[in-house]
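Me: I would like a close look at one part of this protein, namely the loops around its fifth helix, set against the background of the whole chain. Please go through it with care.

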Amino acid sequence: MADTATTASAAAAASAANASTDAPPFQLGKPRFQQTSFYGRFRHFLDIIDPRTLFVTERRLREAVQLLEDYKHGTLRPGVTNEQLWSAQKIKQAILHPDTNEKIFMPFRMSGYIPFGTPIVVGLLLPNQTLASTVFWQWLNQSHNACVNYANRNATKPSPASKFIQGYLGAVISAVSIAVGLNVLVQKANKFTPATRLLVQRFVPFPAVASANICNVVLMRYGELEEGIDVLDGDGNLVGSSKIAARHALLETALTRVVLPMPILVLPPIVMSMLEKTALLQARPRLLLPVQSLVCLAAFGLALPLAISLFPQMSEGPALPWSRDTPPHPSPQPES
């Protein structure tokens, strides 16, 4: 009771200090923005993927962690605002794994997903790829996804390493097989002009990546279809499990992972096919790669928060709310 009282006192003090600000009252461990609307989830995930947290110093991280500890134990110094508390929580969640409390390797953090993933997207969309380059970029993409998934896994419910390996191998094999197969078919399509063949080849990465994402979801979570997933009541208490909820959750997750690579791997080829016809790029072909990189970065930065905001973290069934996913830190894991 004492801890509850002191925490309540800290919350009241922080709330009073923020009477004149726009920041919502701070809630430890809770998202800053409401998750019941698409816009709220979108704002939430923009915070999560904010690349500025990659440059937070060790000292700033310690200060953020200490501020949250002071809030938790009711020893918060006077004058601390809600904005400062939300900022501290954002920093901690971006860098430290919530279950192990260890620092996540920078390239595998959610805030590093776009800056470290964009070069891979650029590689996937390079024109006139050879068989070796197609295999390499598809392998690298799925390897990066696997590392991000593992680094941000839910460590409170340990999964056997064999499940991650199974999902990884399934994703790599399906991505490489489809990419190579489609490229071979395009090359053998005699009715295509060289320009049409080049354009069609640019769209090959999307079906390859989308199918690999679905394969990964099914292989990683097929056990839920047999065992069901947790069903919660309105207060968040566990009341049982549901196979119907598991099927619905698997469908939503698979749909999200099909939607996610769509703008990332479909929009840039369309945009680049138009930009390449401009006088500037025709006169300066060396600008093609930098321009394509910027286009991919813009598409990636827009698509990621939009796709993972499609469905709420918790979905509600006919009678009871049920958990859609057991998320890795700090959100349902996207894949590119």
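How many helices and strands does the protein have, and where are N101 and N128 found?

Reply: In this predicted model, the protein has 13 helices and four strands, and the two asparagines you name lie in loops on either side of α5, which spans residues 113-124.

N101 belongs to the loop that runs between α4 (82-95) and α5 (113-124). Although N101 is not a glycine, its phi is positive, at about 60°. This deserves a remark because most residues other than glycine have a negative phi. As for its surroundings, N101 has a relative accessible area of 49%, so it counts as partly exposed, given that exposed residues are those over 50%.

N128 is placed in the loop between α5 and α6, the latter covering residues 131-151. Here again a residue other than glycine has a positive phi, in this case near 55°. N128 counts as exposed because its relative accessibility is 61%, and the cut-off for that class is over 50%.

For the background you asked about, buried residues make up 44% of the 336 residues in the protein. Of the contacts with a separation of 6 or more, 74% are accounted for by residues 24 or more positions apart. The protein exposes about 17,500 Å², and carbon and sulfur atoms supply 64% of that area.

Part of the surface is a nonpolar patch formed by F38, L302, L306 and L310, which together have about 320 Å² of accessible area. One of these residues, L302, lies in helix α13, which comprises residues 288-308. L302 counts as partly exposed because its relative accessibility is 48%, a value that lies between the limits of 20% for buried and 50% for exposed.

The cysteines can be treated briefly, since the count of disulfides comes to zero when the sulfur atoms of a pair are required to lie within 2.5 Å. Two cysteines may still be described by their accessibility: C296 is buried because its relative accessibility is 0%, whereas C215, at 23%, is partly exposed because buried means under 20%.

To return to the part you asked about, the loop between α4 and α5 holds N101, with its positive phi of about 60°, and the loop between α5 and α6 holds N128, with a positive phi near 55°.

Notes: Residues numbered from 1 in each chain as written. Predicted model: local features only at pLDDT ≥ 70, side-chain atom pairs only at ≥ 80, totals over all residues. Heavy atoms only, no water. Buried < 20%, exposed > 50% of the residue type's maximum accessible area, 1.4 Å probe, protein only. Contact = heavy atoms within 4.5 Å. Areas by Shrake-Rupley, 256 points an atom, 1.4 Å probe, with all protein chains shown as cover. Patch = residues over 30% accessible without salt bridge, like charges linked within 9 Å, V, L, I, M, F, W, Y side chains within 5 Å. Salt bridge = Lys/Arg side-chain N within 4 Å of Asp/Glu carboxyl O.
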